[in-house]
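Colleague: Could you walk me through one part of this model, the nonpolar core and what surrounds it? I'd like a close look.

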Amino acid sequence: MATILEDTSRTFSEYLLIPRLTRKGQRADLVDLGTPLGSFAKQKTGRLKLNIPVVSACMQAVSGTQLSIALARQGGLGFIFCSQPIETQVEMVRQVKSHKAGFVQSDSNVQMNTTLAEVTELMNRTGHSTVPVTDDGTATGKLQGIITDKDFWEFEDDLQRTVGEHMTPYSDVIHGNEGISLREANELLHQHKKDCLPIVNNKGCLIALVFKKDYVDHQRHPMELLDESKRLCVGAAINTHDYKERVPALLEAGADALCFDSSDGFTEYQMEGTQWIRENFGEKIIIGGGNVVSAEGFDYLVEVAGVDFIKVGIGGGSICITREQKGVGRGQASALLEVAARRDAYFEKTGIYIPICSDGGLANDTQVVIALAMGADFVMMGRYFAMTNESPTPKTTINGQMYKPYWGEGTLRAQNWQRYDDGMSTRKMVFEEGVDAFVPLVGPLADVLDTTLYKLRSSMVNIGSDSLLEFRDRAVLTLVSEQSVVEGGTSSVFQFTSNREYEDKNWSGTG
């Protein structure tokens, strides 16, 4: 008969942290959020260390080029999705690795005969206020000028007029030449009081743009995750079907870490894939395995397969319905606690530390805090990043509100049948393990992540912790009842949605 576990399948929302002593001098801005990505031996450090404990999910609607660049600039790591042809995934990795901080390829371009109406639509859709004008309308065409939202008035000028009639011509455009350093480019921006500096080659073709706002952003966010060559770091997802072709191409493109993308990673397929990579590329390659929800799964992927980090979680994602469809999975908190305990025991026994990643089941910032307190070295998130400006899906308006489409890798839309193949069927996906939905647009990744990380640092100070390792060691968690959840929210008060609403009520407080 089946084995029945005595414990209850728990979620993050069922726990709270008990405050510990906060020492004098402890402040949120002094907390160290660095965490290892790859395995390492005692008295040594990991081969790659994240500056913040956050990575993006290996999903079509999440981890594209722009999001991976934005996340690496904040100190985290994006994992480019593998449910696409090898060539396009490799190109995405190359784009991240070739991205020179501050030098951005233009993704909004027009021609001289483009109408102001078309430029207006482009600016409204992309949020860009400066658009290069090239001879062929591409990001690498011959630069003919620049048009900005200050060059015409949308509601006063005739929008059927052309860009050529309103733009600043090339002869008057302050620009830099190929080979210019970022420091020199920023000095030109400062000297000429410009917000954007086009960079052209010796043929006059546009190759990049440098923005004043990026300089300011870099000064505010100096924690970029860089490799030894000062290039941004990026991860890449792989599957157990075409890894012999995909892995060599990804490593040649510069991928800093690989991760098997599978709803259930406790398989001989991942073992065989990992061992093939080790035999052909050695021990230095960082390989992530999973997903698992038990100590048994951890043991197999570490001791038999030989992976460097473990992803924990099945069925907890916001668009995942694996548990509903197949009856397979486990509450994310229970899964993480068991795997973290086995990770710690393995470290004591062997002296080898295997980082673990909590993947899914994170509904809000508070649950990110709980996951890290329970032993996760870092968290992997999908919906969180799908809502940002930098995710690869287009913006859309529904009832006046801006949204972005978001779908799981287990949906027909993703067509990622290999991720869910059982090795026996040649048919495509028979049933879905995810849903196709929309999520509200929340703005730039940097702004959203800043808030999350500040909450995390603040919670760590409440526990008297200066680092994530100390946070785990000092954390004391308690289960919460249904009534304590109610008690933790607001009660017996009227909440106004705006200052205007308060003024309209004309209420005055008395004590």
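Modeller: Here is a look at the core, then at one residue beside it in the discussion, then at a helix pair.

This is a predicted model, where local features need pLDDT of at least 70, side-chain atom pairs count only at pLDDT 80 or more, and totals for chains, interfaces and linings use all residues. Residues are numbered from 1 along each chain as its sequence is written, and side-chain values use heavy atoms, with hydrogens and water left out.

The largest nonpolar core (buried Ala, Val, Leu, Ile, Met, Phe, Trp, Tyr and Cys joined through side-chain atoms within 4.5 Å; buried is under 20% relative accessible area with a 1.4 Å probe, protein chains only) has 81 residues. Among those touching the most other members are Leu 37, Phe 79 and Phe 471. Helix H13 (residues 445-462) gives the most to this core, seven residues; helices are DSSP runs of H or I, at least four residues, and strands are E runs of at least two, numbered from the N terminus.

Beyond neighbours within four places in sequence, Phe 79 is in contact (heavy atoms within 4.5 Å) with residues including Val 55, Met 380 and Cys 259. Cys 259 sits in strand E14 (residues 257-260) and is buried, at 0% relative accessible area. Its other contacts outside that four-place window include Ile 238, Phe 309 and Lys 311.

As for H13, its contact with H11 (residues 365-373) involves Val 369 and Leu 372 of H11, among others, and H13 residues including Lys 455 and Leu 456.

Technical notes
Buried means under 20% relative accessible area, exposed over 50%, partly exposed in between (1.4 Å probe, protein chains only). Axes are lines fitted to C-alpha atoms, for helices over the stretch in contact, and angles run from 0 to 180 degrees between N-to-C directions.
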